[in-house]
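Me: I'd like a close look at one part of this chain, with enough of its surroundings to place it properly. Could you start from a single residue and work outward?

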Amino acid sequence: MRLDPKTGFCYYLRVLLIRDGVTHKYLNDMTSVTENTTVSMISSMIQKGLVKATRNTVDSPKIRVTLTNQGRALQSDLMQYAIDINRTAVAGIDPAEIVTCIRMLTQMSVNLAAEFDKVLNASDKSR
């Protein structure tokens, strides 16, 4: 299966390639979309054989989403898509400015990831 970036699967695949076996809530948080959209996307991805969803044996309302081998196989397509987008985005920008921007964005990402983990851990403990 060739990845079609217009499907919206890219955002979910990216999250799952970084951290597989997450809940719908985690996918909502990481993609900044509504729960209904995530449910719809995951259903479509299940139909295409890219992911599977299983109930948590300890906390049955929670559903874990994991990549299938077919979903994992799209990693190279997803990476090529990201490379193409990045080439377009940085066209005409001084390389030194790009390095500075990447350094700043990386630190921002580290900061946000740490905060997301705190929030998610707190919400998991309260359930």
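Does M41 count as buried or exposed, judged by its relative accessibility?

Reply: Happy to. Please keep in mind throughout that this is a predicted model. M41 counts as buried, because its relative accessibility is 16%, and the cut-off for buried is under 20%. The residue is found in helix α3, so let's begin with that helix and then move along the chain.

Helix α3 covers residues 35–47. N36 lies in this helix too, but its surroundings are of another kind: at 65% relative accessibility N36 counts as exposed, since exposed means over 50%. Within α3, then, you can set a buried M41 beside an exposed N36. Two distances help to place them. From M41 to N111, 70 residues away in sequence, the C-alpha atoms are 28 Å apart in space. From N36 to H24, with their positions 12 residues apart in sequence, the C-alpha separation is 10.0 Å.

Just before α3 comes a loop that is worth a look. S32 sits in this loop, which runs between α2 (24–31) and α3. Just after α2, S32 takes a positive phi of about 60°, and it does so although it is not a glycine. With 67% relative accessibility, S32 counts as exposed. If you check backbone torsions before setting up calculations, that residue is an easy one to find. Another positive phi belongs to G92, just after α5, at about 80°.

Going back one element, α2 holds a group of buried residues: H24, Y26, L27, N28 and T31. Helix α3 is among the elements that cover them, along with α1, β1 (22–23), β3 and α6. So what shields α2 includes both helices and strands.

One of those covering strands, β3, spans residues 63–67 and contains T66. T66 counts as buried, because its relative accessibility is 19%. Apart from neighbours within four places in sequence, T66 is in contact with D20, G21, L50, V51 and K52. V51 and K52 fall in the range of β2, residues 51–55. In the loop between β2 and β3 you will find K62. K62 is a charged residue by type, and it is buried, with a relative accessible area of 14%. The C-alpha atom of K62 is separated by 20 Å from that of Q47, 15 residues away along the chain.

Now to the open space in the model. The largest pocket has a volume of about 710 Å³. Its lining takes in 20 residues, and R14, I18, M30, S109 and A113 lie nearest its centre. The elements that give two or more residues to this lining are α1 (9–18), α2, α5 and α6 (95–125). Helix α6 gives the most, with seven residues. By type, the lining divides into 13 nonpolar, three polar and four charged residues. Helix α2 therefore appears in two parts of the story: α6 is among the elements covering its buried residues, and α2 itself contributes to the lining of the pocket.

Helix α5, another contributor to that lining, also allows a quick check of helix geometry. At 1.5 Å a residue, its 16 residues, 75–90, should span 22 Å, and the end C-alpha atoms are 22 Å apart, so the two figures agree.

Finally, here is the whole chain around these parts. The protein chain has six helices and three strands, and from the N terminus on they run α-β-α-α-β-β-α-α-α. The C-alpha trace spans about 50 × 35 × 25 Å along its principal axes. Of the 127 residues, 27% are buried, and M41, where you started, is one that counts as such. The accessible surface comes to about 8800 Å², with 56% of it belonging to carbon and sulfur atoms. Of the contacts between residues at least 6 apart in sequence, 53% join residues at least 24 apart.

Terms used:
Residues numbered from 1 in each chain as written. Predicted model: local features only at pLDDT ≥ 70, side-chain atom pairs only at ≥ 80, totals over all residues. Heavy atoms only, no water. Helix = DSSP H or I, 4+ residues; strand = E, 2+ residues; numbered from the N terminus. Expected span 1.5 Å × (residues − 1). Buried < 20%, exposed > 50% of the residue type's maximum accessible area, 1.4 Å probe, protein only. 1 Å grid on protein atoms, 1.4 Å probe; cavity = no way out; pocket = protein on both sides within 12 Å on 5 of 7 lines; lining within 4 Å. Points joined across faces, edges and corners; volume = space filled by probe spheres on them. Contact = heavy atoms within 4.5 Å. Areas by Shrake-Rupley, 256 points an atom, 1.4 Å probe, with all protein chains shown as cover.
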